[in-house]
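Colleague: Thanks for making time for this one. Could you walk me through the model, from the overall fold down to single residues?

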Amino acid sequence: MSVLIKGGRIVTAADDYVADIYVEDETVTLIGESLDQPAEKVIDASGKYVLPGCVDPHTHLDMPFGGTTTIDDVESGQTAAAFGGTTCHVDFIIQPKGATFAQAIDEWRAKANGRQVIDMGYHMAVTDLAEGGTLEELASLPDEGITSYKLFMAYKGALMVDDETLFKTMEVAAETGALVMVHAENGDAIDVLVKKALAEGHTEPHYHALTRPPETEGEATNRAIQLARVAGASLYVVHVSCREAVEPIALAREKGWDVWGETCTQYFFVDYTFLERPDFEGAKYVYTPPPRAKENQDVLWNAVRTDILSAISTDHCAFLWDGQKTLGRDDFSKIPNGGPGLENRLQMIHQFGVRDGRITLNRMVELLATSPAKLFGLYPRKGTITVGSDADIVVFDPEKQLTITAASQHSKTDYNLYEGTEVTGSPEVVLLRGNVLVEGDELVAQPGIGRFVARARFGEELRTKTVVA
């Protein structure tokens, strides 16, 4: 399909200018002034921003966890993403205990086949090197386009790995050019604190945060950084939530070490007091790491502004409040950990980051699109607008006013973390490889249009096209 986008303000991580874009055969083929190429569809972008499709490097769709399964499957989660201007994401394959990595890949690919609305890649979450996958099999995954390994340093008895598994995985990553990702919390200490709180009769949602103090995140972050340094591995710390975790990342980056970090949209807006809301409403905000004291929000804004943290993800891991979160009504440790957010990341960061003067428009694009694409082997096909890149494009109306509500969202969950928030600026048209996904309030494309993306090794540019899932 050929598309001509006329007169928009094109904003990338580096540039900001008004021009036309011509799209043919799913890629950007020409950028210039007053283009008059014949096109099957012409989009008037006058007065609008034309942005690269956003890339979300951290999501959990159709994932079993905490005695249930996330409410958003691939189709509903990716539909929410599309309406929010995200055209590619990297989801997590969670290796079941006892399963090989190949078996885990087959299981997760089956969840997505025929249901994809946007493009996607996978990280491999390593949980079992004793009776499941082997180091040799793990080393082969980058050849299949799975070029990042995730390890949980928390969730003892479920997903948590010991330091031996963490370090051995780091050694494999160093040898194969993969990127190591860590969920950094001290799971052993947290397990002691949780058991103590429950023994004392503390069952309310806010004890989720009180038993996961920021020091446990800071300690695990520093431990992962030091182990990665010894192993010679590149490290990416996910969902950084507090000063205690920002500081060791800042120090490592100041030293020039291969360490990067992300935070998530919710940590800028939701603080500890949300967990104290009455009538079990606090359970809506039970995710991990937990909402922190409000003063951490300025720390995080400063970190993303100064590139101490290099990306903003969502960690979209949605459950129903009524029917899933309520599994932990009498025991906070049984509340499924996770929150929604795929649809509202761009709106929230544009409003409170760009419009409120905390970051520039170019930096927003870098945090939501370009940097994730570079870190996870998708650039320059994804994350920018240039000749030869995939035509993943968001025509964004910077003056559109709306109120974020669960009633109008496309996720299957029954609440929204930002309920009632008024924002100015929202996607108007979203294209995936030149195909119109979203136009106004309508999903134009059909599930199945999205593809699996085989990602390049860490530090390499992606030179191969997307492939059919």
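Modeller: Happy to; we can go from the whole chain to two helices and then to a few side chains, bearing in mind that this is a predicted model.

Colleague: What radius of gyration does the chain have, against the value for a compact globule?

Modeller: The C-alpha atoms fill a box of roughly 70 × 50 × 45 Å along the principal axes. For 469 residues, a compact globule would come out near 23 Å, and the chain agrees with that, having a radius of gyration of 21 Å.

Colleague: How many helices and strands are there, and what percentage of the contacts join residues at least 24 apart?

Modeller: The secondary structure comes to 11 helices and 19 strands. Buried residues make up 61% of the chain. Taking contacts between residues at least 6 apart in sequence, the share that joins residues at least 24 apart is 76%.

Colleague: Let's turn to helix 4. Where do its buried residues fall, seen down the axis?

Modeller: Helix 4 runs over residues 163-176 and reaches 20 Å from first to last C-alpha, close to the 20 Å expected. Its buried residues include Leu 166, Met 170, Val 172 and Ala 173. Seen down the axis, the buried residues stay within an arc of 165°, so they line one face of the helix.

Colleague: Which elements do those buried residues pack against?

Modeller: The partners of helix 4 are both helices and strands. Its buried residues pack against helix 3 (135-140), helix 7 (214-231), strand 11 (148-152), strand 12 (179-183) and strand 13 (234-237).

Colleague: And helix 11: at which residue does it bend?

Modeller: Helix 11 covers residues 361-375. Its 15 residues should span 21 Å, and the end C-alpha atoms are 20 Å apart, which agrees. Even so, there is a bend of about 50°, and the residue where it occurs is Leu 367.

Colleague: How many residues of helix 11 are buried?

Modeller: Arg 363 counts among them, because its relative accessible area of 10% is under the 20% cut-off. Leu 368 is buried too, at 1%. Helix 11 is mostly covered, and the buried count among its 15 residues is 13.

Colleague: Which residues does Arg 363 touch, beyond those up to four places away in sequence?

Modeller: Arg 363 has its place in helix 11. Leaving out residues up to four places away in sequence, the residues it touches are Val 304, Arg 305, Asp 307, Leu 309 and Ser 310.

Colleague: And Leu 368, with the same residues left out: what does it touch?

Modeller: Leu 368 also lies in helix 11. Beyond residues up to four places away in sequence, it touches Cys 54, Val 55, Ile 312, Arg 345, Leu 346 and Ile 349.

Colleague: Is Thr 370 buried or exposed, and which backbone oxygen does its side chain reach?

Modeller: Thr 370 has 5% relative accessibility, so it counts as buried. Its contacts include Ala 13, Tyr 379 and Gly 383. At 2.7 Å, its side chain reaches the backbone oxygen of Gly 383.

Colleague: Last one: which residue takes a positive phi just after helix 11?

Modeller: A glycine takes a positive phi just after helix 4, namely Gly 177 at about 80°. Just after helix 11, with a positive phi of about 70°, the residue is Gly 377.

Definitions and conventions
Residues are numbered from 1 along each chain as its sequence is written. Side-chain values use heavy atoms; hydrogens and water are left out. Helices (H or I, at least four residues) and strands (E, at least two) are DSSP runs, numbered from the N terminus. Buried means under 20% relative accessible area, exposed over 50%, partly exposed in between (1.4 Å probe, protein chains only). Contact means heavy atoms within 4.5 Å. A polar contact is a pair of N or O atoms within 3.5 Å; within protein, one must be able to donate a hydrogen and the other to accept it, and residues adjacent in sequence count only if both atoms are side-chain atoms. The expected span of a helix is 1.5 Å times one less than its number of residues. The arc is that of the directions from the helix axis to the C-beta atoms. The bend at a residue is the angle between axes fitted to the seven residues ending there and the seven starting there. The radius of gyration is taken over C-alpha atoms; the globule rule is 2.2 Å times the number of residues to the power 0.38.
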